[in-house]
Amino acid sequence: MRNVKKLLFGACAVAALAVTACVPDPPSDSGRYVSPTGVDASDCAASATPCLTINYAVSQAVAGETVHVAAGTYDELVSVTKSLVFEGANAGRSAGVTPALRTVGSVVKGFRNPGEPHPAAATGEFSVTIDGFTIDPQGDASLIAPSTHHLVSLFGGPQVSVKNNVFTGGPWVSDCGYACTTMTDAAVMVQSGTYEVKDNSFTNFRSPIDVTQFDSGHPVVLGTITGNSIHHVTNRAIWINEYQGGPFPGTITVSNNNLDSTGWDSPDWSPAGVVITAGGNTVSDNTFTGFGSGVYGQVCNGTNVDSDLNTFTGNTFVNNRAGINFYVAGACGPTTVDAAISGNSFDGGLWSGATVVDVPKIGVRWTGAARPNDLDAKCNWWGSADGPGAPGASTVTPGVDFSPWNLASSGPCTGS
């Protein structure tokens, strides 16, 4: 019998080397385990003896480990004090633009570094993964008011990943403003390092995702926001913000997201899909629906002083008052606004909002003070083969160079 076991073991090893089918022994426990049936008494290192709370598991974990969180509801705002991987019951299952079949979730209130925004930056640069949770303030009034910061608020580090999560901000309030205390203000912010926000869903937030940096000594090196589904927004869906900490040294890419603000209703403001007050970023292959401005770029106010190019390509704009709106906030002086706008699809027709009815949709426009230069918006589809301003097409404002244009949503770019 011992020889037979040796032969079987040898065959399995050879099969593994040959990348053929072989059923290995079950993996041993690794990391820390949390369950609604657990007890905060052990070190949580075995799936058979889990902890009761995630925060207790964090206290037991060693940096670099995975905290496995079983399905259930946890009345916790998780304090992230070291580099860890947090895996919920739906880890690896997208909740975004292309959702996977999900099971009963692991529900938490949020994840934050202590004292965020971090008062001692060097102590908070953790690599963190948050994968497969439902993140819900659970009616906690202290997490809904705008002054409380984001449900996931991390200083950041070499690599942060927030993916495959369902974010819910509470009941939908169609005119929720800054003083609103019914619907949650914000969902995710990471303030330094390299990070991705990927394949999540966000529903019922004023301002779900903010891109900012703590200071120039702890820069946002690279950021990717992709594959997310964002629905019911009353202020802005994504803000690429250069106000805090100076210019980003890296690029923020916003791609393949579905941003939908259908249903907002306020006479005082209109929401935007992506607000940009920074340069050197790419917004590509997204769908914007139901916003006052799909993209709102605020310029000539001390941001993007180097006039770094922002690129907008392959986006689809559906039923927005304006597709891409550049707002001149002050005197530009020698500053120019460099933008590449091409390959986008703007629908035509009329638009109605809370205070206006049946006005022509605008594909690309300037608003505010005197524009510093013309915008390059060649080779876009404007809703008609006859170009912007034609019957049934979106319009453009003066200062937008739109010719030649696409004769259909996919081209060719031969309209003139």
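Visitor: Let's start with Cys300 and Cys332: are they buried or exposed?
Guide: First, a word on the labels: buried is under 20% relative accessible area, exposed is over 50%, and partly exposed lies in between, using a 1.4 Å probe and protein chains only. By that yardstick, Cys300 and Cys332 are both buried.

Visitor: And what sort of model am I looking at?
Guide: Residues are numbered from 1 along each chain as its sequence is written, and side-chain values use heavy atoms, with hydrogens and water left out. Local features need pLDDT of at least 70 and side-chain atom pairs count only at pLDDT 80 or more, while totals for chains, interfaces and linings use all residues, as this model is predicted.

Visitor: Which way is the disulfide of Cys300 and Cys332 handed?
Guide: A disulfide here is a pair of cysteine sulfur atoms within 2.5 Å, and Cys300 and Cys332 have theirs 1.9 Å apart. The link ties together distant parts of the chain, 32 residues apart: Cys300 is in the loop between strand 25 and strand 26, and Cys332 in the loop between strand 28 and strand 29. Strands (E, at least two residues) and helices (H or I, at least four) are DSSP runs, numbered from the N terminus. The torsion about the S-S bond is about 100 degrees, so this disulfide is right-handed.

Visitor: What about the link of Cys176 and Cys180, left-handed or right-handed?
Guide: Both of these cysteines, Cys176 and Cys180, are buried, and their sulfur atoms are 2.2 Å apart. About the S-S bond the angle is -110 degrees, which goes with the label left-handed.

Visitor: How far apart are the sulfur atoms of Cys44 and Cys51?
Guide: Cys44 and Cys51 are buried. They form a disulfide, and the S to S distance is 1.3 Å.

Visitor: Which strands stand at the edges of the open sheet?
Guide: Two strands pair if DSSP finds at least two bridges between them. With parallel pairing, 11 strands line up in the order 4-7-10-13-16-19-22-25-28-33-35. Each edge strand has a single partner, so one of its sides has no neighbour in the sheet; the edges are strand 4 and strand 35.

Visitor: Which residue of strand 25 is the bridge partner of Ala272?
Guide: Strand 22 (residues 272-277) and strand 25 (residues 293-299) run parallel and are joined by four bridges. In strand 25, the partner of Ala272 is Ser293.

Visitor: How far is Asp199 from Thr98 in space?
Guide: Asp199 is in the loop between strand 14 and strand 15. In sequence, Asp199 and Thr98 are 101 residues apart, yet C-alpha to C-alpha the distance is 7.7 Å.
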